[in-house]
Each structure stands twice: as structure tokens, then as C-alpha cells.
Amino acid sequence: MEKLGLNQLRSLFMEFFEGKGHYPRKSFSLVPEKDRSLLIVNSGMAPLKPYFAGLETPPSLRMATCQKCIRTGDIENVGHTSRHGTFFEMLGSFSFGDYFKRESLAWGWEFVTEVLKMPPDRLWASVYEEDDEAAGIWIDDIGLPPERLIRLGKDDNFWEIGTGPCGPCSEIYYDRGEAFGCGREDCLPGCECDRYVEFWNHVFTQYSRDEQGNYTPLEKKNIDTGMGLERLACIMQDTDSIFNIDTISYVLQGVCDAGNLEYGGGDGKNDVSIRIITDHIRSVAFMTGDGIIPSNEGRGYVLRRLLRRAARHGRLIGIEGAFLPGLADRVIEISKDAYPELGEKRDHIRKIIGVEEEKFSATIEQGGEILESCMSELSAAGERTLSGDRVFKLYDTYGFPLELTREILGERGFSADEEGFAAAMERQRETARAARKAGEDEGWTQKGLAWAAGATEFVGYDRLSDSGAIETLLVDDSPVDSVKAGDRASMILDRTPFYAESGGQEGDRGLILAEGARARVLDTVKAHDAFVHRIEVEEGAFHVGAAVSTEVDAERRHRTERNHTATHLLQKALREVLGPHVEQAGSSVTAVGLRFDFTHFEAVGAEALAKVEGIANRAILSFLPVRTEEKPTEEAMRAGATALFGEKYGAMARVVSIGDFSMELCGGTHLANSGQAGVVKIVSESGVAAGVRRIEALTGTGLLGPLAEADSALEALSSALKANRVNLVAKAASLIRENREAKKEIDLLKKEAAGLSADSLLSSAVDVGGVKLVRRTFKDSSPEDLRALCDSIREGGRSVVAAFASESGGKAVFVVAVADDLLDRGYHAGNIVKQLAAAAGGGGGGKADIAQAGAKDPARIAAAMASLDAILQQY
């Protein structure tokens, strides 16, 4: 049997089934396209569910795929075994009501025996115990000896998940030989030992199971086969470890090179870390290649967890500095022919991984020191479990994932109070919910609106004035028959041109008129399917059932539409400049301006923002027609329409297209032509959450006010600096330089006046157990000043400990530094300053060479500084 490489095996499979009339579909993205129930694609069949369910027509009744998949359910086993991994590729052949068992099994046998040249006498098969049809095909048609066919029960050879389509399955096994067996006489496929490797499962979907447990034959029967590519490669390359097959071992060697290590060199712990890094970087590279970015929830959290776990294990085996982008290059190199998107997005993949690794480096340094201190305290107290509140603080304050805390604690024989952590998390959520509730405008609550029957007919896409009838009036959430001048109320009409706030677009304002009555609409919101007009009655009275005329504030609506259309242009421009991973994470469209939140892993630089702005403005100046149409949602998605991730759409959706430039599912109101926006200007870019950025922008005449303010500010600045506008920047730069030089001179004079040179401070040192102790207390010195002094002392003397304190703003601050030669003798600045601050009723800590702490009672500074002698004598 020839040893075939993984990439070669993939090609052979796809070519074989293409020759059998199958459509060779490239792998779907790891991000489910239409399955909101699934976080990440985890099987070859998952993206094909709409075809199996009859919801969509497949491109062919026969398909073959090699699907990239990720599963993290067994992540704790990854690295500790030779078979577990989070990333894998699944080969699959599928029939949607076309061929059935005979063809599926015969072609499977043909592929493994004639294409792969597996020895037939090493192959076994299993069938469901009641599936005589499949057994007959194996024995009578294919010629498999009866003694190598095993009948297994429902747990092993019948596929079903609750109600719906299900059916028996047949698996093909490879016999690795007696040397891998358990030695029992009844050792056969299905045994728990390593002798028989199940590598290809053929599922025959032929029944539908109802809630009573009855099985009804399906009119159209389907085939769903799955064969793990890595497992097949293990068989073909005669190895029992996925980490030894050609493609994965290439990545693994990169890990060894980065750490200057030898895999299998006798250090079991190192080998575990090497395997973890090797597996995780494969997942990370493919996930980022499919547009996933690190975040604190959903699939972004899965990515962050895998990436940070790999980075930490790199530290454990002695790899210094950033190394994951280099490993990603190896994944890309070995896989780009089958997955071209990896090569196309190489720079993007490296950038995301590099930024996240850098963030984690800072996180683990700070959080790791705190966790180390926690474990020391637990040991001193004879305890083994870290409290949930402290685990939560590591998560909430320092960005330490629970899984990482659990892993680090476990390696040292400790555990985390996960129930306590969950309780702390829930308390935070409750606090946030309470804060949101307290911040609501209680004058406009909708508690009383749930009962309102009937949906309001919205006519505001086509007109801004109309007529209608009053269906409901509410005052303080209670239904009333009428309202009069001076009342604030909620009014629901049978039809309205007023747009109700939704999809990020604010509600319309305007007027509602009746005979002898006039009300100003202050806002329009939705309550279920009813449009609620929040009104203030200015004249006369309104009665339930009365006819009214409605007039939307046209100028305000136009400004809002200008900003909404510009939001679509900016989203498309952001995706063009930053990459396809950009997804809408929220928006606010008002008559004043727009705010757009989107997924991205770092701040957007000025150059990139200028490109985004330029693309959007070119689309505006192209005077593109804005078209709206109702389409089946799935059809719109296939045509490339952008949808808000996580939003639930019905069977039909409103599609807004701006020329051929942009197409989105959107229920908001828009311009008729992009040119009506005039111009769009991004005025700010900021971060709002992990992995989420925000831009704010203005359009058209909305820029006139800010431009006038900027003009006035420039005029005032020119006057203050006594410079014309052309020379303002040069004049300001000159003044900054002069101020910086003056500050340096002042600082130098202050130090000289206080006698704060390193030499003078060292000359005042006292000997404590063979260590020179320099200590001094100052008034109103900043922590930065004290740290600068400490650096000077460390550079100028050996065997010295510097301890400085300062009172400022009613608080005490302590900074301690330890010379390098004392670090080897066990002196630790973090521990010293912790005890020092404790003597003043405070706390803190830090690194071994320099650390800082604080206290609330400056009156105890003197006593704390006096305790230094006793603290140092402990060493």
C-alpha cells in the first residue's frame, strides 16, 4: 500500500467522485451561512442541511466535498492524546434522492481498494443489525467475506437526532493487525482497543421518525457519507498519530524550530504543549481566513480561546516573543492549494493573529502575576480552591478566560470555584440590567401596549402625508377614549407614513391633525406590530375612532435618509478596505448623523479611514440609483446581500441596492439616489468593546454646523498664538518644543534642589543584613517620579534596595526597586512593596525588579517605612 500524502488523498477522493457524476463543491466557510443554530461548522453534512431538508435545491443531486470543520468539545484532550484535534477535514459523498445503498457502498469499496490500494483482506464492515439490504450488498454484490461483516445495534449503527430524517449506517474499518489489539478472542470492529480503525461511515437516510417513535419510509432516500481525512492519512501513512502525518508534522516541526526543541525527545510535558500549539494554530489560521476575529463571545471567543491557549503553551516551552504568525505561514503554505483563501488572505491572517498574541502577552503577564500570588496565598492557607469572586476578577479586570485560569490552576494542583464564578457573572449581568432599566424614559414605557390588537399598515416608503383613523389612545400606559390640549399620550393608527424606530433608524416626527385638533409627534416607536406615535396635543381634542391626517417632518426625514444610505455605503467601503470579516455590530441613524459599529480587531488608522471615506464619496458622486424590492430572503442572500448577523428574517425580506455597489437586507427608509447624500465625512473612530470598533459620520448640510465651529476655533487659535492659519501647525509645534525643554530644565532644578541625584541618594544608604537600603519620603511626587528615581538607583549601585514613598491627594504611594544581583538571592520588589503597603493599610505588588503599591492613610507612611528593616531581614 503506497504511502499517500494528505493533500494527495483529498485530490484523489474529489476526482474519483467527480468521475461518478458528483458535483465537486469546494469547502463551505467555517461560518455557517444560513444556520443560526450552529456557531461553527463542525461536520461535512452541516452546510448541506437545507438540501437534505428540502428547503433548497442543491446544485446537483450528487455532491462531493472536503469540508473544513472545528470541534472544541474535547479540547481538554487535545495534546494529551495522539488522535484528538480541534481542526479536521471531512471527506463526504452525498446523494439527494438519487442513488442509494448499492452505489454508495460499491463506490466506497472501489475507492479504497482500487484507488488507494488498501489490501482487501485488511478491510471489515459493519451494518445495522436489522439492515439485511446493506448486508446483502456487502456479501453478495461486493464479495466481502461474511466473517468480516459485523452487525451492530442502534447505538453504533443507526443515525438519528430526535424526530425527523434518520436511518441505518454502514462503517468501513481497517485492521491494523494483532499487535494493536487487546488479545481477546472476541476482538472485532466495535471493540475499544486500537486494532480496528473505523474510517468511513455511510449513512442511509431512509426513514422519518415521529414523536411517538414510529419510523415511516421516506419517499426520497438520501446518502450522507463521511470520512475523516486525517484519520485516512494515518492509515495510508502507517502511523497511529495525526501529528505524524505529513501536513501536520510540517506545522509541528515549525513549533519545534521556534522553541529549539526535539519532539519525542523524552520530555512528555513539552510534547503535550507542542501538540496543542500545532493543532490550535491550524484552527486559528482557518478561522481567521474565514473572517472570524477574536472577541469575548460566540465564535470570536472560540478563536480567542484557541489562540491564547497556543500562545501560553509557547511560553511554557520557552518560546520568546511573537511566534504564532510564523506558524500560520506554515499552515497556509501546506494548505493553500486546496484552500486558496488562505493564500489570498495571508497578510490579514498574520495581522489578526499577531495583534491578538501581542494583547495576550500583556494580559498574561499582569494576570499571571496575580494568579501566582493567589496560588501562594492558597498554599499558605492550606487551601486548594480559588474563590469564584477572584476567578471572576481575573476574567473581568484582566481578561483571563475561565478556561485558562482552570488550566493553570490544574497544573499546580489547584481548582477554580466555577459555581462561584458563574454566580459572580450573573450578579454583574443583574447589575447591568438594573442600570439599563433605571435609565429608561419611564414617561414612555410600553407596558400597556402589549394588548393592542392589529398591525399598523406602514405607507411611509412612498409618501410622507396620509390619512387614517385612531385605533388606540393611551395616557400613562392606560387606554383612554380621548385626549385634550396639554396631554402627552400614545396614539396608534390603522395606517401611518411615520417610520417607527427600528433597525437603528430613529422614528419620524411631525404632525397629526383632526378637525379642530393638532398634535405634535415627538417620536414613533414599535410595540409588536403596532406603530406607536408619542404625541403632545397642542390644540383641541382627539377621540378613538376619529379620522386624522398625518404629516411627517419631510426635511428631518430626508436628513435621516441621507445618513441611512451613507451608512450602507460606509459598510461596503469598510469591507473593501479592512476585509470581509467586517460585520455590522450595531448602528444609529438619526437626522443629525450616523454611528456604525462593526467587527474589527484593532483601531482603524487615519490612512484606512481616508480610503473608506474616499470610496463612499466616489459612490455618492456616481449618482447611483437606490432600488428597493421584496425578495425571498434565501434568494437575496445567495445573490450576495449583506445581512445583520444574528438578526432573524422572515421568508421575504426588503432588499436595498445602491447601484451595483451595495446590496443589504434593510427595512429602513432611503434616498432615491446616492448623489442626494452630497458628501459623507467620518468625524471619529473609537473602540466600544473587544473586537468592535465604531465610526461616526456626518453627511450633506449636516457638515455646515461643525465646519462653522471649526472655522471659529481656528480663528480663535490664530489669535491666541499670534499666527495666521497657514502657519498654525508650525507655530504650535514650536511652542510644544519650547515647553518640553522648559519642563526638562524645571525638573532638573527641582531634583537638584531636593538633592535627588542617584549619587546623593546612594550615599545616604544604610546597611541592612549586607544590603544597601535607600529610603526616602517625599511630598506630592508622582509615581512616575518615584519610578524614575528607582531606575537611577538600580543603574548606579549593586546590592541595593530602593524604597520611596510620597503623599499626594490624601493618599500614599510606595515604589520599591531591587538591584539585579539581589534578584538571584530571592529579593522580590513586588513582595516587599506588598508588605510595605500593608503596614499603611493598603495593598499592591508587581514584578521582582520594580513594583508599586498604594494606601489610603498617609499618616501611616512613616511607620510603614520604618518596617523596611524587618522586612529585608526576612531574606
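In the predicted model, the side chain of Arg176 lies over the face of Phe180, at 3.7 Å from the ring centre. A second arrangement of this kind involves Arg330, whose charged end sits over the ring of Tyr250, 4.4 Å from the centre of that ring.

Contacts between aromatic rings were also examined, and the structure holds 26 aromatic pairs. A pair of this sort is described by the distance of the ring centres together with the angle of the planes. For Phe87 and Phe286, the centres are 4.3 Å apart and the planes stand at 20 degrees, which is under the limit of 30 degrees, and the pair is therefore stacked. This pair links distant parts of the chain, since Phe87 belongs to strand S3 (residues 87-96) and Phe286 to helix H8 (residues 268-289), with the two positions 199 residues apart in numbering. Both Phe87 and Phe286 are buried. Elsewhere among the aromatic residues, one cluster is formed by Phe13, Phe16, Phe17, Phe111 and Trp200.

Helix packing was considered for helix H16 (residues 554-578) and helix H17 (residues 606-621), which pack at an angle of about 135 degrees with their axes 9 Å apart. Because of this angle, H16 is oblique to H17, and the crossing of the two helices is right-handed. On the side of H16, the contact is made by Leu569, Leu570, Ala573, Leu574, Glu576, Val577 and Leu578, whereas H17 contributes Ala608, Lys611, Val612, Ile615, Ala616, Ala619 and Ile620.

Technical notes:
Residues numbered from 1 in each chain as written. Predicted model: local features only at pLDDT ≥ 70, side-chain atom pairs only at ≥ 80, totals over all residues. Heavy atoms only, no water. Phe/Tyr/Trp six-rings, centres within 6.5 Å; stacked < 30°, edge-to-face > 60°. Helix = DSSP H or I, 4+ residues; strand = E, 2+ residues; numbered from the N terminus. Buried < 20%, exposed > 50% of the residue type's maximum accessible area, 1.4 Å probe, protein only. Lys NZ or Arg CZ within 6 Å of the ring centre and 35° of its normal. Axes fitted to C-alpha atoms, helices over the stretch in contact; angles between N-to-C directions. Parallel < 35°, antiparallel > 145°, perpendicular 65-115°, else oblique. Left-handed = near helix turned anticlockwise from the far one by under 90°. Contact = heavy atoms within 4.5 Å.
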